[in-house]
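Reader: I should like to learn how to read a few features of a protein model. Please take them one at a time, with the general idea before the case.

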Amino acid sequence: LLIYCNGEYVHKSKASVSVFDHGFLYGDGVFEGIRAYNGRVFKLKEHLDRLYDSAKAIALDIPMSKEEMSEAVLETLRKNDLRDAYIRPLVTRGVGDLGLDPRKCPKPGVFIIAQYWGAMYGDLYETGLTGVTVSVRRNAADALSPNIKSLNYLNNILAKIEANAKGGDEAIFFDSNGYLSEGSGDNIFIIKNGKVYTPPTINNLKGITRATAIELLEEMNIPISVENLGMFDLYTADEIFVTGTAAEAAPLVKVDGRAIGNGKPGPVTKKMIKAFEVITQNTGTP
Ligand code: PLP
């Protein structure tokens, strides 16, 4: 496996980062998760736009243009002969000293890791995932907005640990005001009486799969409303699905021990999974 490291493609055994890189010392950096299906990169522009926006929000200047980054992503796939892949571009603050001042880090680090990737949840697309609401809160919009896809994912990791301890497949976050936020690595949609609801992105990542799902629902003439939701809405939903680059569209059939609907993936969720499969297999940057 060849990894893009600051302009060079190096074997994975040689791909390393300095212990003085502030990405390592402080989680000071940003990243993306992108998929390639059938030799085409899905929503490449949207992911790179978000990467550069995340970087801008933490005042990190990515030392290459979006066009160069795009070419580096595609070249990483070509060099590794990958057609179905998960791609992880990262930009770190770069090497500095032990202090946290980013002015000591003259050169950001740019890395792209790509590897083969298939369906993340296997049979669970048919049978459904179980969700666990977690006590750790997702930030609402402040300087550390969840809109920033930063290298500091401790919040999400704590949520995952809590879900693991309770035997659930995915953690479900609320924010400090009690509004439904998202999963540890995906956005959330609930269906009630034939209508789909998803929270506004003030307290969650502006998911690219989320945006795609909203477009697909509109194309299928299924009503969709973006509004604040609470725990009650979650527990009493007829159906729930989550969306993310890694997870794609996946059904959630149980939350905190409560069956969602009849405890099986519902009709809207099934339509979404199918529509998402069609769009990912048939669009993207070659
Ligand atoms: N929420 C979080 C916290 C994530 O890490 C991700 C994954 O990228 C998502 C949501 C889903 O976003 P996307 O659909 O852009 O992958």
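Reader: How are helices H6 and H8 oriented relative to each other?

Author: Two packed helices are described by the angle between their axes and by the distance between those axes. In this predicted model, helix H6 (residues 208–219) and helix H8 (residues 267–282) pack at about 110°, and their axes lie 10 Å apart. Angles of 65 to 115 degrees count as roughly perpendicular, and H6 and H8 are therefore roughly perpendicular to each other.

Reader: Which residues make the contact between H6 and H8?

Author: H6 contributes Thr209, Thr212, Ala213, Leu216 and Leu217, while H8 contributes Val268, Met272, Ala275, Phe276 and Ile279. By character, eight residues of this contact are nonpolar, two are polar and none is charged.

Reader: How should I read a salt bridge, and how many does the structure hold?

Author: Side chains of opposite charge can pair when their charged atoms come close. The structure holds 15 salt bridges. In one salt bridge, the side chains of Asp49 and Lys45 meet at 2.7 Å, N to O. These two residues are four apart in helix H2 (residues 44–57), so about one helical turn separates Asp49 from Lys45.

Reader: Which residues make the nonpolar surface patch of about 510 Å²?

Author: The patch is formed by Val19, Phe20, Phe24, Val95 and Leu98. Of these, Val19 is found in the loop between strand S2 (8–11) and helix H1 (22–26).

Conventions:
Residues are numbered from 1 along each chain as its sequence is written. This is a predicted model: local features need pLDDT of at least 70, side-chain atom pairs count only at pLDDT 80 or more; totals for chains, interfaces and linings use all residues. Side-chain values use heavy atoms; hydrogens and water are left out. Patches are made of residues with over 30% relative accessible area and no salt bridge: like charges are joined within 9 Å, nonpolar side chains (Val, Leu, Ile, Met, Phe, Trp, Tyr) within 5 Å. Accessible areas come from the Shrake-Rupley method with a 1.4 Å probe; for residues, only the protein chains shown count as cover. A salt bridge is a side-chain nitrogen of Lys or Arg within 4 Å of a carboxyl oxygen of Asp or Glu. Axes are lines fitted to C-alpha atoms, for helices over the stretch in contact, and angles run from 0 to 180 degrees between N-to-C directions. Angles under 35 degrees count as roughly parallel, over 145 as roughly antiparallel, 65 to 115 as roughly perpendicular and the rest as oblique. Contact means heavy atoms within 4.5 Å. Ala, Val, Leu, Ile, Met, Phe, Trp, Tyr, Cys and Pro count as nonpolar, Asp, Glu, Lys and Arg as charged, and the others, Gly among them, as polar.
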